[in-house]
Amino acid sequence: MKTTRLEAIIITIMVLELKVPHAADVASLKPVLPVLSSYVLSFIYVGIYWNNHHHLFQATQEVSGGILWANLHLLFWLSLFPFTTAWMGENHLAAIPTAIYGCVLLMAAIAYYILECTIIAKEGRQSLLARAVGKDWKGKLSPALYVAAIPLSFASSWIASALYALAALIWLIPDPRIERELKRREE
């Protein structure tokens with residue numbers, strides 16, 4: 001299954017959201033820094049999902065209708081990243097856009113988990129993916145961070161944003177589990 005076209009569309013939409021300053025000095029970047037920083041964070045998230053999605057389907061032997069629907073569910077939440085990113089950035093991390101951004105991150109994490117579970121249900125508990133996922137501490141910690149950050153957005157959107165960034169940093173360290181299992185299968 002190839003979904004790179006849909007992922008490329010999401011990344012392209014994100015690029016179109018950036019507005020260029022009309023001056024050529026460094027000071028002209030200051031007003032766009034909130035938009036730029038939220039864009040960078042969301043681009044990192046899209047990259048993380050793209051990498052993990054790629055590995056997920058490398059480990060999948062057969063795709064079913066349920067897997068296709070679960071995949072579409074994930075892609076829907078990912079497609080909202082550009083909108084919530086722009087809203088949060090344009091409003092300088094105001095509470096409601098920052099909380100909604102967290103809700104979209106949470107729903108994308110849940111959708112990814114559903115996709116993972118749907119694949120494992122189709123392929124069995126002894127499948128490559130089931131063995132690779134194991135206890136999945138990152139997959140459990142990230143939604144917990146989002147759940148904490150969403151209400152924190154109303155107290156301090158900066159703390160909430162720091163939790164969103166922390167969750168992304170956790171995933172920046174490549175997860176070798178699926179690659180290890182793929183190598184074991186090849187041997």
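Buried residues are those under 20% relative accessible area, exposed ones are over 50%, and partly exposed ones fall in between, with a 1.4 Å probe and only protein chains taken into account. By this rule Ser-157 is buried, because its relative accessible area is 11%.

The structure discussed here is a predicted model, in which local features need pLDDT of at least 70 and side-chain atom pairs count only at pLDDT 80 or more, while totals for chains, interfaces and linings use all residues. Residues are numbered from 1 along each chain as its sequence is written, and side-chain values use heavy atoms, with hydrogens and water left out.

## Overall build

The secondary structure of the protein chain comes to nine helices and zero strands, where helices (H or I, at least four residues) and strands (E, at least two) are DSSP runs numbered from the N terminus. Read along the sequence, the pattern is therefore written α-α-α-α-α-α-α-α-α. Of the 187 residues in the protein chain, 45% are buried. The accessible surface of the chain comes to about 10,400 Å², and carbon and sulfur atoms hold 69% of this surface; such areas come from the Shrake-Rupley method with a 1.4 Å probe, and for residues only the protein chains shown count as cover.

A contact means heavy atoms within 4.5 Å. Among the contacts in the protein chain with a separation of 6 or more, 78% are accounted for by residues 24 or more positions apart.

## The nonpolar core

A nonpolar core is a set of buried Ala, Val, Leu, Ile, Met, Phe, Trp, Tyr and Cys residues joined through side-chain atoms within 4.5 Å. The largest such core has 47 residues, and those that touch the most other members are Tyr-45, Tyr-49, Phe-81, Leu-115, Leu-129, Tyr-146 and Tyr-164. At least two residues of this core come from each of α2 (33-58), α3 (65-79), α4 (81-90), α5 (95-123), α6 (128-133), α7 (137-152), α8 (157-172) and α9 (177-186). The largest share, 12 residues, is supplied by α5.

Tyr-164 shows what such a core member touches: leaving aside neighbours within four places in sequence, its contacts include Leu-41, Tyr-45, Thr-98, Tyr-101, Leu-105, Tyr-146 and Ile-150.

## Helix α4 and the loop after it

Seven of the 10 residues of α4 are buried, so this helix is largely enclosed by the rest of the structure. These buried residues are Phe-81, Pro-82, Thr-84, Thr-85, Ala-86, Met-88 and Gly-89.

His-92 follows α4 and has a positive phi, near 50°, and its place is in the loop between α4 and α5. Leu-93 lies in the loop between α4 and α5 as well, and has a positive phi of about 60° although it is not a glycine. With a relative accessible area of 47%, His-92 is partly exposed, whereas Leu-93, at 9%, is buried.

Leu-93 also leads back to Ser-157, which lies in helix α8. Not counting residues up to four places away in sequence, Ser-157 touches Leu-93, Thr-98 and Leu-152.

## Two residues of helix α5

Ile-110 is found in helix α5, and Cys-117 has its place in helix α5 too. The table gives the relative accessible area of each residue and a C-alpha distance to a partner.

| Residue | Relative accessible area | Partner and C-alpha distance |
|---|---|---|
| Ile-110 | 34%, partly exposed | Lys-140, 9.8 Å |
| Cys-117 | 32%, partly exposed | Leu-129, 9.6 Å |

Along the chain, Ile-110 and Lys-140 are 30 residues apart, while Cys-117 and Leu-129 are 12 residues apart.

## The largest pocket

On a 1 Å grid over the protein atoms alone, where a 1.4 Å probe is fitted, a pocket is an open set of points with protein on both sides within 12 Å along at least five of seven lines, and lining residues have an atom within 4 Å of a point. The largest pocket holds about 570 Å³ of space, a volume being the space filled by probe spheres set on the points, which are joined across faces, edges and corners.

The lining has 28 residues, of which Tyr-112, Tyr-113, Glu-116, Asp-136 and Gly-139 lie nearest the centre of the pocket. At least two lining residues come from each of α2, α5, α6, α7 and α9, and α5 supplies the largest share, seven residues.
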